[in-house]
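Colleague: Hey, could you walk me through this one? I'm new to reading structures, so plain words please.

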Amino acid sequence: MKNTRRNLLKSSIAAGGILLAPQGAVAQAPAVITSRRFRAWVTRGRGQTTLQELTLRPIAGRQVLVRTEASSLCYSNVGAVLGLTSAAAAGPNPPAAAPKPAPAKPPAQQRAMIQGHGGVGIVEAVGPEVRRVRVGDRVCVSGTPQCGACYQCLRGRSDQCQFLSDQNFAVMGDMADGTPVYQNSHIGGMAEYMATYEEWVVPTPTQVSAVELAMVCSCVSVAGLGSTTSPSNYVESGSIVAVVGCGPLGLSAVQGARISGAARIIAIDPVAARREVAMKVGATHVLDPNAEGANLLQRIRQLASWPSNQPWGGGRTSGLGPDFVVEAVGAEAAEPRVERGPDATGVQAIQQAYQMCAPGGHIVTTSLARGNVTLPAVTFNIGGRTHHAGQAGGCSPMRDIPRFVAMLESGRYDAKSLATRVVPLDQALVAYEEVAYRTTVTAIMTA
Ligand SMILES: [Zn+2]
Ligand SMILES: [Zn+2]
């Protein structure tokens with residue numbers, strides 16, 4: 001069908017009021033005309049989250065409208081969605097119980113906002129400038145963008161793509177009272193639609209279930225697999241790996257280490273249920289930091305003395321430590337209702353991860369900890385450890401997410417064991433509380 005205005009209008013009527021702009025459409029043609037209504041969880045101020053019916057705004061330019069199939073309920077949004085806090089994670093030496101006055105909210109937090117940052121779904125409309133995907137494509141809406149053209153993307157650091165810090169948020173839709181609604185990180189996810197830009201969209205042509213696809217495409221799994229299987233962070237086969245923290249990110253790192261052929265994978269977490277999942281998905285050893293206490297580093301070094309402790313025969317001494325360490329703990333966003341770790345700020349775990357790593361080894365830090373890290377200066381300077389820091393475990397979305405989907409399709413990545421709670425959209429807040437209190441590994445919302 002030719003792109004005449006008459007035919008575009010016909011398409012609009014066939015699509016229920018939406019005018020889909022085919023590629024190459026003349027610039028003057030309206031991209032989308034719509035009055036489509038949809039449901040979304042909208043946050044208006046910290047913790048003030050309600051289910052609303054919105055009216056979609058027109059899609060234009062490089063925008064991509066994705067009908068959400070499923071979305072991961074990320075722990076990093078607990079504060080914004082539920083308004084919960086953990087006093088213990090306020091800092092290394094939190095002040096005594098005196099309540100603090102609420103800080104003045106910057107304008108971005110006063111906006112009505114759809115929380116979440118990504119998910120999976122089907123493209124329903126594209127703006128006239130979009131090239132990466134077409135209507136009908138199944139896509140992952142990535143937590144980090146990759147434009148392919150900015151300074152960082154051109155230097156192989158698309159995990160730092162400059163679109164990530166773009167604050168020029170577009171209004172996605174309007175509430176019944178006329179309030180304009182934005183989306184967290186340009187993408188949202190806790191809604192029946194995501195109106196994003198092509199920089200955030202990765203084509204994922206696969207038949208796997210929406211829940212499993214949402215799990216493997218979630219920010220945490222992408223970071224866990226990215227930290228262990230991306231070319232810049234590659235775990236050598238036969239190496240010894242420690243993963244500090246077994247939330248969905250750490251459990252994905254355990255799986256990435258297994259997929260990469262690590263000989264030993266030592267998983268560390270205070271929650272017994274999470275240590276069980278770690279063993280199920282690939283850990284060879286698990287440790288409870290509360291039970292080990294001050295002996296934790298020594299225990300890990302003992303476990304890392306493999307294949308022998310004979311340095312004259314190619315082995316390693318028992319003080320050497322793992323070749324590769326992934327840190328995936330982070331600060332508490334709420335007070336957990338399961339076993340609690342030794343440090344609510346997450347800083348101690350970073351320091352321990354650095355110190356347990358073998359000289360000459362690699363450490364990848366991934367978490368959102370709170371506070372300042374202190375390390376022994378001599379070890380830091382001449383200890384030979386290479387520190388990899390980055391968004392999403394240093395993952396390059398367009399390069400790596402299709403690889404992760406292939407790991408899922410081939411059965412090497414176990415998404416089901418991590419998606420321990422699956423709920424429909426209208427029960428998302430109930431599941432979010434379970435995520436907040438750590439009584440589930442993570443949760444997936446289906447729309
Ligand atoms: Zn996240
Ligand atoms: Zn870029």
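**Cavities, zinc and strands**

Modeller: Let's start with empty space: the largest cavity holds about 70 Å³. Keep in mind that this is a predicted model.

Colleague: How many cavities of 30 Å³ or more are there?

Modeller: The count comes to 2. The second largest cavity has about 40 Å³ of space.

Colleague: Which residues line the largest cavity?

Modeller: The lining is Ser72, Cys74, Gly116, His117, Gly118, Gly119, Val141, Ala214, Cys217, Ser218 and Cys219. Sorted by type, that lining has 5 nonpolar residues, 6 polar ones and no charged ones.

Colleague: And what lines the second largest cavity?

Modeller: Gln63, Phe169, Ala170, Gln183, His186, Ala195 and Tyr197 do. Here the split is 4 nonpolar, 3 polar and no charged.

Colleague: Okay, on to the metals. What are the protein donors of the zinc ion listed as ligand 1?

Modeller: Cys74 gives its SG, His117 its NE2 and Cys219 its SG, at 2.0 to 2.2 Å from the zinc ion (ligand 1). Cys74, His117 and Cys219 are also among the residues lining the largest cavity.

Colleague: How are those donor residues spaced in sequence?

Modeller: The pattern is C-x42-H-x101-C. Cys74 sits in the loop between strand E3 (63-72) and helix H2 (78-82), while His117 sits in the loop between strand E4 (112-114) and strand E5 (119-126), so this pair ties together parts that are 43 residues apart in sequence.

Colleague: Are Cys74 and His117 buried or exposed?

Modeller: Cys74 is buried, because its relative accessible area is 10%. His117 counts as buried too, with 15% relative accessibility. The cut-off for buried is under 20%.

Colleague: What about the zinc ion listed as ligand 2, which residues are its protein donors?

Modeller: Cys147, Cys150, Cys153 and Cys161, each through SG, lying 2.3 to 2.4 Å from the zinc ion (ligand 2). Their spacing in sequence reads C-x2-C-x2-C-x7-C. Cys147 and Cys150 are both buried.

Colleague: What arrangement do the 4 donor atoms make around the zinc ion (ligand 2)?

Modeller: It's tetrahedral, because the angles they subtend run from 105 to 118°. For comparison, the ideal angle for four tetrahedral donors is 109.5 degrees.

Colleague: Nice. Switching to strands: which ones close into a barrel?

Modeller: There are 5, in the order E1-E2-E7-E8-E4, and their pairing is mixed. Take strand E1 (residues 37-44) and strand E2 (residues 49-56): they pair in the antiparallel sense over 7 bridges. You can spot Trp41 standing opposite Leu51 in E2.

Colleague: Which way do strands E11 and E12 run, parallel or antiparallel?

Modeller: Strand E11 (residues 240-244) and E12 run parallel, joined by 5 bridges. Val244 stands opposite Ile268 in E12. Strand E12 (residues 264-268) is mostly covered, with 4 of its 5 residues buried.

Colleague: What about E9, how many of its residues are buried?

Modeller: 5 of the 5, so E9 is largely enclosed by the rest of the structure. Both of its faces are covered: Tyr193, Ala195 and Tyr197 are buried on one side, and Met194 and Thr196 on the other. Ala195 and Tyr197 are also among the residues lining the second largest cavity.

Colleague: Which strand does E9 pair with?

Modeller: E3 is one of its partners, in the antiparallel sense over 5 bridges. In that pairing, Val64 stands opposite Thr196 in E9.

Colleague: Where does Ser185 sit, and what is its phi?

Modeller: Ser185 is in the loop between strand E8 (180-183) and strand E9 (193-197). Its phi is positive, about 60°, although Ser185 is not a glycine. With a relative accessible area of 27%, Ser185 is partly exposed.

Colleague: And His186, buried or exposed?

Modeller: His186 is buried, with a relative accessible area of 3%. This residue lies in the loop between E8 and E9 too, and has a positive phi of about 70° without being a glycine. His186 is also one of the residues lining the second largest cavity.

Colleague: Last one: how far apart are Ala88 and Asp343?

Modeller: In sequence they're 255 residues apart, but in space it's 8.3 Å from C-alpha to C-alpha. Ala88 sits in the loop between H2 and helix H3 (107-110) and is partly exposed at 30% relative accessibility.

How values were computed: Residues are numbered from 1 along each chain as its sequence is written. Chains are lettered from A and ligands numbered from 1 in the order in which they are written. This is a predicted model: local features need pLDDT of at least 70, side-chain atom pairs count only at pLDDT 80 or more; totals for chains, interfaces and linings use all residues. Side-chain values use heavy atoms; hydrogens and water are left out. Donors are N, O and S atoms within 2.8 Å of the metal (3.2 Å for Na, K and Ca); water is not among the atoms, so sites may look incomplete. Four donors count as tetrahedral if all angles lie between 85 and 135 degrees; four count as square planar and six as octahedral if opposite donors are over 155 degrees apart and all others between 65 and 115; anything else is irregular. Buried means under 20% relative accessible area, exposed over 50%, partly exposed in between (1.4 Å probe, protein chains only). Two strands pair if DSSP finds at least two bridges between them. Helices (H or I, at least four residues) and strands (E, at least two) are DSSP runs, numbered from the N terminus. On a 1 Å grid over the protein atoms alone, a cavity is a set of points where a 1.4 Å probe fits but cannot get out, and a pocket is an open set with protein on both sides within 12 Å along at least five of seven lines; lining residues have an atom within 4 Å of a point. Grid points are joined across faces, edges and corners, and a volume is the space filled by probe spheres set on the points. Ala, Val, Leu, Ile, Met, Phe, Trp, Tyr, Cys and Pro count as nonpolar, Asp, Glu, Lys and Arg as charged, and the others, Gly among them, as polar.
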